[in-house]
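Here are a few exercises to work through with the viewer open. Try each task yourself before reading the solution.

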Amino acid sequence: MRIVGGSAYQQYQTEGDLEALDFAIESYRVAMDAIEDDHPEKASVISNLGGALYARYKVGEAKDSDLEEAISLVELADALTPDDSPDKPSLRSNLAASVLSRFELGGREEDLEEAIAIWTHTLQLVPGSHPSKPTLLQNLGSSLTKRFTRLGNLEDLERAIGLDTHAIELTPDGHPHKSVRLRNAGNSLCMRFKQLGELDDLERGIEMHNRAVKLTPDGHPHKVVMLADTGNALQTRFERLGDLEDLERAIVLHTRAVDLAPDSHQDKPLMLNGAGNSLQMRFKRLGNLDDLERSIGFYDRAIKLMPDSHWHKPSILYNAGNALEIRFELLGKMEDLERAIEFHTRAVELTPDGHPAKPWALANAGNSVGMRFEGLGNLDDLDQAITYITNAISLPPEDHPHKPSWLCNLGRSLEERFNHVGDVSDLDEAIRCGLRSVELLPDNHPERARNLQLLGLSLTTRLRSPHAHTDDATRAMESYVEAIEHTASHPLERLLSSAHYARLLAEFPDLFPTPLKFTLLEAYKLALNLIPRCIWLGNNVRGRYTSKELQVVGEVVNDAVSAAITAGEYGLALEWLEAGRAVVLSQVLQLRTPLDDLQRHHPQLARDLHHVSQALKHAASPASSSLSGSTPTDAYHTLDSQAQSSHGYALQYEKLIAQVRELKGFENFMRPKKLVELNNACASGPVVVVNVHETSCDALILCRAGDVVHVPLPDFSLVDAMETQRLLWDTLRAKRLLNRCRGDMRDDDDDRGGRVTAMDPPDLMRIILADLWTPVVKPIMDVVRTLVPPSTTLPHVTWCPTGPLTFLPLHAAGIYPGDKKSRGPPQCVTDIAVSSYTPTLEALLKPRTRVAPTLQDPRVLIVSQPDTPGCSSIPGTTTEAATVMSLVGQSKVLNDDDGTIQAVLEGMATHEWVHLACHGVQNTVDPTNSAFALYDGQLTLGALMSQHLPNADLAVLSACQTATGDEKLSEEAVHLAAGMLNIGYKSVIGTMWSISDYIAPEVMRVFYTVMAEQVKTGGELQPAYALHEATKMLREKKGGMDDSLRWVPFVHFGL
């Protein structure tokens, strides 16, 4: 039976046949029971059974008790085998492997040390030509790698790589263990890359992983591990180089491994963790919420499968907690944060004292509890967060790479407690933490600007308090200056430091000696010049929209513009506002020219710039308290090595940008446009930019002569704008006109819906439009009328509002008949001007002549969706489509099931005009997923922004909320109308809120009648005037203000 068992075991090793393994184990048991105790082959039979049991345990087909039996059997066989036996090396190797598995299961350091000692001793016993030599080298290398991941000693990793390499050299290609040895070497090389940053290590590691996958046949138990490890390596390369193909392939490999491995496989939880990590990474890059949801699902499964005793359990708990925190920040569900706190707390409990990961676990728990304090304001949470982070700081040595970051976080928490409790000792300690966090960092470390900025903020807080020190102002200013000039740091930290410098100077102008390092406007100029780098050209559209940098850019831009206006620099103010306004949209427009041209004409330079940008972004990201990955040792870079690599990337980046700007046609690469380049934006009439700031409200009017006229608006404030926006949205919610499909509205809707005040919605709309007219629009229009030559036609005004005004109907402002504020004849903007909107001045710089086929012959794509699956019926779209078709020349209609995503995109590519009569959806969680509902799915803003239609002219979006932005990103034109401008359409008709299915066809009939007349008479098309006539008809027909909720939402964007 021993021979039979051996043959079956050999079949398992060669083919991965688990049934053969089970048969081998049973055969060995029979042989062991049958052989006498004093038989010379007794030890060999016992050893074979122990080895087979261990193999079955490794592939997840046995219980944990079988591992203990395997260890006991191999220990017995070892005791029965004399030291000079040729079987002794392989026997002791099996014993060490079993003990190592027990370490992996229970995390006992003694087991790991015992395994290393056994393999080290055994390796010394065998000659170089011994057949077990490669296996011993492999196993000792594997155990040293595990000790490195546990303790972080780089010498262990270096030894492991040497042993792995030697084992591969001694193993022929056809050997069944070749793939395992390649996998081990690949893992070790990837780990060394994470420590030292040498890209060659990562490339070699990926090459070895790929070879290991190819050598392992499908169906072999090792295949799933090979797939998962290759996925981890590709994910690491994505983090370094930013190539999305690496991440996509990593996700495929991770999910394939998860699907193939049974839940009983000992490495299944780690595979689930790897899949969760890669999906969470793609979510951070692309912003697809489904990736985050799937990621959390994988983590939950991993947590359930992995016992608490497993040494990887804390890292998986951290990853799950991190994902839940992200979802909490997106959706605001407190249960997500509560679960995140639970996971982080369990990670602290499961990580033994003295373990290198203990500080990370404590810091993560502190961060999550601190988030709960920010949400609920419970001071007990803040106290607990401070305790966690204080304990985290107390454990590692002073040169620990995360200690400066943790000191910084502790300082922020202490300053927050001072703000709530008023104990100045907390603030003093916060400043000491900030100083220490800066002192610990080398001069070129990428976190230095962040820590300097936060130190400056703490000093500024004390400066404002009754406890100020005489040198607080000077020290705060010095901290900001050093942060501003620290080129190796993340550009966002430098931008914020520039803004804080300027605010400090504006608040305390008399406390600083002259000459200053930077004047107020110079500081803001530095901040504005950093905007393109903050949003990162290397990201794709959705990645930039969801990045945290957008949250702060708008506020800094408004501060800068207000400062420039106060200084009388109106042209500079306009340039700055344009630089920051709709920054992502502007970058997308720019990406269509400089970057594409750079890739086309200088591909190597474009690739180099992309790679260095990604590397610098990764190096400059503030260190997170992370157990992500399998171990905490991913972050074991020394502070000096982090500083050196980041400084090197910063120098390369600046050198590459300089190279690009030396090329013909790229002189202004990644530079904002100057005023002289923006003058043509007002070719069809004045452009009015309204800046709302906490200190003042101002309008800047760009005129044909290139002048910028300033109109102060002293009777309007940011608070007024926010209150008017709230009143409008409350009114719309009362009538269910937000987040609602057009087919849900009926002719009698004026009598439906809730009430927010005692007034009817028409009365509220009168108040809103009057409140916009008197302090804002009327003073502007009074000046506009002095700038526009007399004419028989109404002048054209294009509005470019900021902040809360972005959501308000400036185009309809006025005092209408029946308004209680009316004194004399009605006054409203619709009587004295035709209005349009634009997200940026640059969007108005497109050519104003049709390209193809001819002005008199527009080709029109008409999309009608009366019965979109999953949406309410909107039968009015059929009538609307027929009306449009009867009024235009060449047209193509995609009705009902013909209106698929692919058909619409193809039609848009061959038609100058497109009319979309369908449901519109505004996604406030991810604005780039705002969409048109078509027959086979949603055509999203993200998909539209990847299109390029150079001949596009007019887009009519007869859907709901196509010009409704995101309240969190009010400075960004994140709506469908702006997306259509971006992909090439010169004019776009959209809606600010939900529209009625029976009103839309009436508006479109008048609109296209006027447009058809313009086409017949020749000259420049004027969609804004056509829409003006259509809404005028609606006002006069439906009773003006009594139906304002019907006509006000229709707006025109662009030329």
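**Exercise 1. Place Thr 1031**

Task: is Thr 1031 buried or exposed, and what does its side chain meet?

Solution. Keep in mind that this is a predicted model.
- Step 1: the relative accessibility of Thr 1031 is 7%. Buried means under 20%, so Thr 1031 counts as buried.
- Step 2: find its element. Thr 1031 sits in helix H40, which covers residues 1023-1038.
- Step 3: check the polar side. A polar atom of the Thr 1031 side chain lies 3.1 Å from the backbone oxygen of His 1028. As background, an α-helix has 3.6 residues a turn, so residues three or four places apart point the same way.
- Step 4: look further along the chain. Once neighbours within four places in sequence are set aside, Thr 1031 is in contact with Trp 1047 and Phe 1050.

**Exercise 2. Work through the salt bridges**

Task: how many salt bridges does the structure hold, and which residues are linked in a network with Asp 201?

Solution.
- Step 1: the total for the structure is 43 salt bridges. The general idea is simple: side chains of opposite charge can pair when their charged atoms come close.
- Step 2: start from one pair. Asp 201 and Arg 192 meet through their side chains in a salt bridge, at 2.9 Å from N to O. Both Asp 201 and Arg 192 are buried.
- Step 3: widen the view. A network of salt bridges links Glu 158, Arg 192, Asp 201 and Arg 204.
- Step 4: try another pair. Arg 417 and Asp 426 also form a side-chain salt bridge, with 2.9 Å between N and O. Asp 426 has a relative accessible area of 9%, so this residue is buried.

**Exercise 3. A bridge between two helices**

Task: which helices does the salt bridge between Glu 338 and Arg 372 link, and how far apart are the two residues along the chain?

Solution.
- Step 1: the closest N and O atoms of Glu 338 and Arg 372 are 2.8 Å apart, and the two residues form a salt bridge.
- Step 2: this pair links distant parts of the chain, since Glu 338 is in helix H16 (residues 334-350) and Arg 372 is in helix H17 (residues 358-376), 34 residues apart.
- Step 3: compare the burial classes. Glu 338 has a relative accessible area of 33%, so it is partly exposed. Arg 372, at 17%, is buried.
- Step 4: stay in helix H16, where Thr 345 is also found. Thr 345 has 23% relative accessibility and therefore counts as partly exposed. Its C-alpha atom is separated by 9.1 Å from that of Leu 317, 28 residues away along the chain.

**Exercise 4. Check the length of H7**

Task: what end-to-end span should helix H7 have, and what does the model give?

Solution.
- Step 1: H7 (residues 133-151) has 19 residues. The expected span is 1.5 Å times one less than the number of residues, so H7 should span 27 Å.
- Step 2: the end C-alpha atoms of H7 are 27 Å apart, which agrees.
- Step 3: check the cover. In H7, 17 of its 19 residues are buried, so the helix is mostly covered.
- Step 4: step off the end. Gly 152, just after H7, takes a positive phi of about 80°.

**Exercise 5. Strand E10 and its partners**

Task: which strands pair with E10, and in what sense?

Solution.
- Step 1: E8 (residues 860-864) pairs with E10 in the parallel sense over 5 bridges. Here Val 863 has Leu 916 as its bridge partner.
- Step 2: E14 (residues 954-958) runs parallel to E10, and 5 bridges join the two. In this pairing, His 915 has Val 956 as its bridge partner.
- Step 3: now the faces. In a regular strand the side chains alternate between the two faces of the sheet. In E10, Trp 913, His 915 and Ala 917 are on one side, Val 914 and Leu 916 are on the other, and all are buried.

**Exercise 6. An open sheet**

Task: what is the strand order in the open sheet that includes E12, and which strands are at its edges?

Solution.
- Step 1: the 3 strands come in the order E11-E12-E13, with antiparallel pairing.
- Step 2: E11 (919-921) and E13 (937-940) are the edge strands, each pairing on one side only.
- Step 3: on average, neighbouring strands of this sheet are turned by 35° against each other, ignoring direction.
- Step 4: helix H36 (residues 901-910) packs on the sheet and touches E12 and E13. The direction of H36 makes about 35° with that of E13.

Conventions. Residues are numbered from 1 along each chain as its sequence is written. This is a predicted model: local features need pLDDT of at least 70, side-chain atom pairs count only at pLDDT 80 or more; totals for chains, interfaces and linings use all residues. Side-chain values use heavy atoms; hydrogens and water are left out. A salt bridge is a side-chain nitrogen of Lys or Arg within 4 Å of a carboxyl oxygen of Asp or Glu. Buried means under 20% relative accessible area, exposed over 50%, partly exposed in between (1.4 Å probe, protein chains only). Helices (H or I, at least four residues) and strands (E, at least two) are DSSP runs, numbered from the N terminus. Two strands pair if DSSP finds at least two bridges between them. A polar contact is a pair of N or O atoms within 3.5 Å; within protein, one must be able to donate a hydrogen and the other to accept it, and residues adjacent in sequence count only if both atoms are side-chain atoms. Contact means heavy atoms within 4.5 Å. Axes are lines fitted to C-alpha atoms, for helices over the stretch in contact, and angles run from 0 to 180 degrees between N-to-C directions.
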